[in-house]
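Me: I would like to learn how the features of this structure should be read. Please take me through them in turn.

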Amino acid sequence: MPPLEGATILEKRRFALERLDGVRRLLVYEPRGHADMYGCFVTEPEDGGADLGVVFFHNAGYSTACGHGTIALVTWALESGLLAAEEPETRVVVDVPSGRLETVARVERGAVRSVRFRNVPAYVEAEGLLAEGLRADVAFGGAFYASVTSPLPVRPRNVPELIELGRAVKAGLEARRPFVHPEEPELRDVYGVMFWERVDPGPPLRQRNVTVFADGEVDRSPCGSGTSARLALLEGSGELPRGEELVHESVIGTEFRARVVGDAVVAGRPAFVTEVEGSASRTGSHEFVLDPSDPLGEGFLLR
């Protein structure tokens, strides 16, 4: 890969969109990927205060935040030897489009067991909006997420229906009003619709969700930046007392553990500092080829 040009990660993100989008399509689209494939370009940080920079991508373009991608990136960087791993914990600072994230990896016998990251400030953008006859509460956790009580059980069998409903809710919300971060206009629009359900009132509070993001893409993880957005709503409503954990389950049963750890201010409005912890496992190393005579070229998507 050629280096991503730009002084900031947002500038590098724009460069990737304008100059390297064929690589994104090659990796995400079939036959090498699929409609739910996710990835990133690893790049240098903005300055010496961070260890890594990253630009995340998906089936429709480039996201501004990704919690599960950050956890996977730090795990790979340490286990591959790109960065030195120290036991019992290693601190890694990552520059993502939404800001700078401090992460801490728990290391045992050279293996990364978990990674927790302290996210950019999360805040509630709007509550009680209606779309497709459903109440949607929108919060920012690195990107804007609409939180909706799921009308169907959060189970794999219901994912196709929730994908279509998620697309409709996103379109309905964006047709009503803009969603723009007050300090950075490139952080905008409803990125994901999180359909959630209660599992256990706790403590610890346990909820399950499936998040539909980008162009009908489904998060297999509990959605890290969406978990931060969810924490902002739970803190604001008083459902999750300060310092207590949210155990956030995904549609396939994986878990993040998260909590609010402090207060912040975003353009004069109250915001919250959140931490999210999860784990990632390496699955392989891959070599991708583009045959110049391949009639499918960079690939295709059916969904």
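**Salt bridges**

Reply: Arg-206 and Glu-249 form a salt bridge, with the closest N and O atoms 2.8 Å apart. Arg-206 belongs to strand β11 and Glu-249 to strand β13 (residues 246–249), so the pair ties together parts that are 43 residues apart in sequence. This is a predicted model, in which local features need pLDDT of at least 70 and side-chain atom pairs count only at pLDDT 80 or more, while totals for chains, interfaces and linings use all residues. Residues are numbered from 1 along each chain as its sequence is written, and side-chain values use heavy atoms, with hydrogens and water left out.

Me: What is a salt bridge by this rule, and how are helices and strands assigned?

Reply: A salt bridge is a side-chain nitrogen of Lys or Arg within 4 Å of a carboxyl oxygen of Asp or Glu. Helices (H or I, at least four residues) and strands (E, at least two) are DSSP runs, numbered from the N terminus.

Me: How many salt bridges does the structure hold, and which residues are linked with Arg-206 in a network?

Reply: There are 32 salt bridges in the structure. One network of them links Arg-206 with Arg-155, Glu-197, Arg-208, Glu-249 and Glu-255.

Me: Is Glu-249 buried or exposed?

Reply: Buried means under 20% relative accessible area, exposed over 50%, and partly exposed in between (1.4 Å probe, protein chains only). Glu-249 has a relative accessible area of 9%, so it is buried.

Me: Which residue forms a salt bridge with Arg-32?

Reply: The partner of Arg-32 is Asp-294, and their closest N and O atoms are 4.0 Å apart. This pair links distant parts of the chain: Arg-32 is in the loop between α2 and β1, Asp-294 is in the segment after β15 (269–278), and their positions lie 262 residues apart in sequence. Arg-32 is buried, with a relative accessible area of 18%, whereas Asp-294 is partly exposed at 24%.

**Aromatic pairs**

Me: How are aromatic pairs defined, and how many are there?

Reply: Rings of Phe, Tyr and Trp (its six-membered ring) pair if their centres lie within 6.5 Å; planes under 30 degrees apart count as stacked, over 60 as edge-to-face and the rest as tilted. The count by this rule is ten aromatic pairs. One of them joins Tyr-38 and Phe-213 edge-to-face, at 6.0 Å centre to centre and with 65° between the planes. Tyr-38 lies in the loop between α2 and β1 and Phe-213 in strand β11 (residues 205–213), so the pair ties together parts that are 175 residues apart in sequence. Tyr-38 is buried at 18% relative accessible area, and Phe-213 is buried at 5%.

Me: Which residues form an aromatic pair that is tilted?

Reply: Phe-144 and Phe-179 form such a pair, 6.3 Å centre to centre with 55° between the planes. Phe-144 is in strand β9 (residues 144–149) and Phe-179 in the loop between α4 (159–176) and β10 (190–200), so the pair ties together parts that are 35 residues apart in sequence. Phe-144 is buried, at 0% relative accessible area, and Phe-179 is buried at 1%.

Me: Which residues form one aromatic cluster?

Reply: Tyr-38, Phe-56, Tyr-145, Tyr-191 and Phe-213 do so.

**Charge over a ring**

Me: Where does Arg-230 lie?

Reply: A charge sits over a ring if NZ of Lys or CZ of Arg is within 6 Å of the ring centre and within 35 degrees of the ring normal. Arg-230 lies over the face of Trp-196, at 4.0 Å from the ring centre.

**Backbone features**

Me: Where are the cis peptide bonds at Pro-31 and Pro-204?

Reply: One cis bond joins Glu-30 and Pro-31, with omega about 10°, and Pro-31 is in the loop between α2 and β1. The bond from Pro-203 to Pro-204 is also cis, with omega near -5°, and Pro-204 lies in the loop between β10 and β11.

Me: What is the phi of Glu-132, and what is that of Cys-223?

Reply: Glu-132 is not a glycine, yet its phi is positive, at about 55°. Glu-132 lies in the loop between β7 (123–131) and β8 (134–140) and is exposed, with a relative accessible area of 51%. Cys-223, likewise not a glycine, has a positive phi of about 75°. Cys-223 lies in the loop between β12 and α5 (224–237) and is buried, at 3% relative accessible area.
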